[in-house]
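Open the model in your viewer and keep the sequence panel beside it. The tour moves from the whole chain to single residues.

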Amino acid sequence: MIDPKFETDSKLTPQAFSMNATPSPSSDSPSTATAHTGQVSPTSPTPAFSPLYQQIKVLILQSLQSGEWKPSSAIPSEVDLAARYKVSQGTVRKAIDELAAENLLVRRQGKGTFVATHAEHHIQYRFLKLFPDNGDPNSEGPAQRHIIDCKRSRASAEVARALALRSGDAVLQVRRILSFASIPTILEDIWLPGSPFKGLTAERLADYNGPMYGLFETEFGVRMVRAEEKIRAVLPDEEQCALLRASAQTPLLSVERIAYTYSDLPMEMRRGLYLTDKHYYRNELN
């Protein structure tokens with residue numbers, strides 16, 4: 001349904017939007033992204049027209065990206081945002097509805113709307129799709145994590161391409177095992193761009209009592225908002241067999257994930273090997 005005030009609101013100019021938004025439109029340019037992260041910001045063609053609520057959604061995303069509203073903090077009310085952007089409250093509500101559906105914002109009845117965080121129970125494992133055979137993800141308790149290695153290295157061509165870096169750029173490489181009921185189940189190799197994660201060590205990873213994405217969010221200001229995965233069946237090599245206590249004939253699921261922060265900037269490449277003799281991989285398709 002078209003917002004009742006659409007005809008009036010649609011007269012807003014780009015200049016009016018930039019006056020109300022915290023970051024300027026140029027903040028998404030490749031040069032700015034490179035200056036802050038060392039990464040090449042993906043670019044995409046700008047559509048000639050988008051509905052007004054989508055334009056408001058972009059402005060809210062800019063404020064989230066700039067850190068104006070931190071994870072777990074409340075954002076301004078719909079009334080305040082409507083006044084800020086000079087649009088109707090209904091237009092703001094529709095924009096917030098979409099951001100809530102994408103797990104970027106969380107509505108709490110009687111309290112307001114908050115920036116979602118990976119520390120929240122219903123969000124912290126939303127990228128982990130492995131479930132025990134009984135279907136109850138709480139039956140095994142939280143995963144036990146063992147950090148094998150965390151070291152600085154240079155990006156290979158594959159990693160550089162995945163993370164929008166240049167070959168040879170600094171990356172952080174992490175290897176860890178996730179166990180359920182004390183049984184090694186997932187072996188993960190993780191690559192992160194070096195600049196945004198300066199200071200990340202094996203000790204910090206081991207000491208953090210929460211999901212890894214929560215650590216990235218609270219201590220490094222990097223929030224993963226979506227991910228893409230490729231899944232295939234593989235057989236483990238000798239080292240992987242030893243770490244997962246599996247035989248060379250045990251089929252594993254290889255799950256390769258690229259996780260993105262705001263503006264579709266890739267911030268993590270992760271390759272996981274999953275044992276599925278007591279678990280299955282579940283995805284929901286909408």
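Contact here means heavy atoms within 4.5 Å. With that cut-off, select H10, residues 212–220. The elements covering its buried residues include E5, E6, helix H9 (202–207), strand E8 (252–261) and E9. Keep in mind that this is a predicted model.

**Stop 1: H10**

Colour the buried residues of H10: Met212, Tyr213, Gly214, Leu215, Phe216, Glu217 and Phe220. That is seven of the nine residues, so H10 is largely enclosed by the rest of the structure. Step just past the end of H10 to glycine 221, which takes a positive phi of about 65°.

**Stop 2: the largest nonpolar core**

Stay with H10 and widen the selection. Which element gives the largest share of the largest nonpolar core? H10 does, with five residues. The core has 21 residues in total. Show Leu192, Phe197, Leu200, Leu205, Phe216 and Met224 as sticks; these have the most contacts inside the core. Now trace the elements that each supply at least two core residues: strand E4 (144–154), strand E5 (170–180), strand E6 (183–193), helix H10 and strand E9 (265–274).

Centre on leucine 200. Leaving aside residues up to four places away in sequence, leucine 200 touches Cys150, Arg152, Leu172, Leu192, Leu205, Leu215, Phe216 and Phe220. Then look for another core, which lies apart from the largest one. This second core has 20 residues, among them Val87, Leu104, Val115 and Tyr262.

**Stop 3: H4 against H6**

Select helix H4 (residues 52–66) and helix H6 (residues 89–101). Their axes come within 8 Å and cross at roughly 60°. H4 and H6 are therefore oblique to each other. The crossing is right-handed.

Show the side chains at the contact. H4 brings Leu52, Tyr53, Gln54, Ile56, Lys57, Ile60 and Leu61. H6 brings Thr91, Val92, Lys94, Ala95, Ile96, Glu98 and Leu99. Colour this H4–H6 contact by class: nine residues are nonpolar, two polar and three charged.

**Stop 4: H4 against H5**

Keep H4 and add helix H5 (residues 78–85). How far apart are the axes of H4 and H5? They are 12 Å apart, at an angle of about 105°. That makes H4 roughly perpendicular to H5. On the H4 side, pick Ile56, Leu59, Ile60 and Ser63. On the H5 side, pick Leu81, Arg84 and Tyr85. By class, the contact of H4 with H5 has five nonpolar residues, one polar and one charged. Ile56 and Ile60 of H4 are in the contact with H5, and Ile56 and Ile60 are also in the contact with H6.

**Stop 5: threonine 113**

Go to strand E2 (residues 112–115) and select threonine 113. Is threonine 113 buried or exposed? Its relative accessibility is 10%, so threonine 113 counts as buried. Not counting residues up to four places away in sequence, threonine 113 touches Ser73, Ala74, Ile75, Ile96, Leu105, Val106 and Arg107. Ile96 is also one of the H6 residues in the contact with H4.

**Last stop: the whole chain**

Zoom out and show the cartoon. The chain has eleven helices and ten strands. Of its 286 residues, 45% count as buried. Draw the contacts with a separation of 6 or more; residues 24 or more positions apart account for 62% of them.

Methods: Residues numbered from 1 in each chain as written. Predicted model: local features only at pLDDT ≥ 70, side-chain atom pairs only at ≥ 80, totals over all residues. Heavy atoms only, no water. Core = buried A, V, L, I, M, F, W, Y, C linked by side-chain atoms within 4.5 Å. Buried < 20%, exposed > 50% of the residue type's maximum accessible area, 1.4 Å probe, protein only. Helix = DSSP H or I, 4+ residues; strand = E, 2+ residues; numbered from the N terminus. Axes fitted to C-alpha atoms, helices over the stretch in contact; angles between N-to-C directions. Parallel < 35°, antiparallel > 145°, perpendicular 65-115°, else oblique. Left-handed = near helix turned anticlockwise from the far one by under 90°. Nonpolar A, V, L, I, M, F, W, Y, C, P; charged D, E, K, R; others polar.
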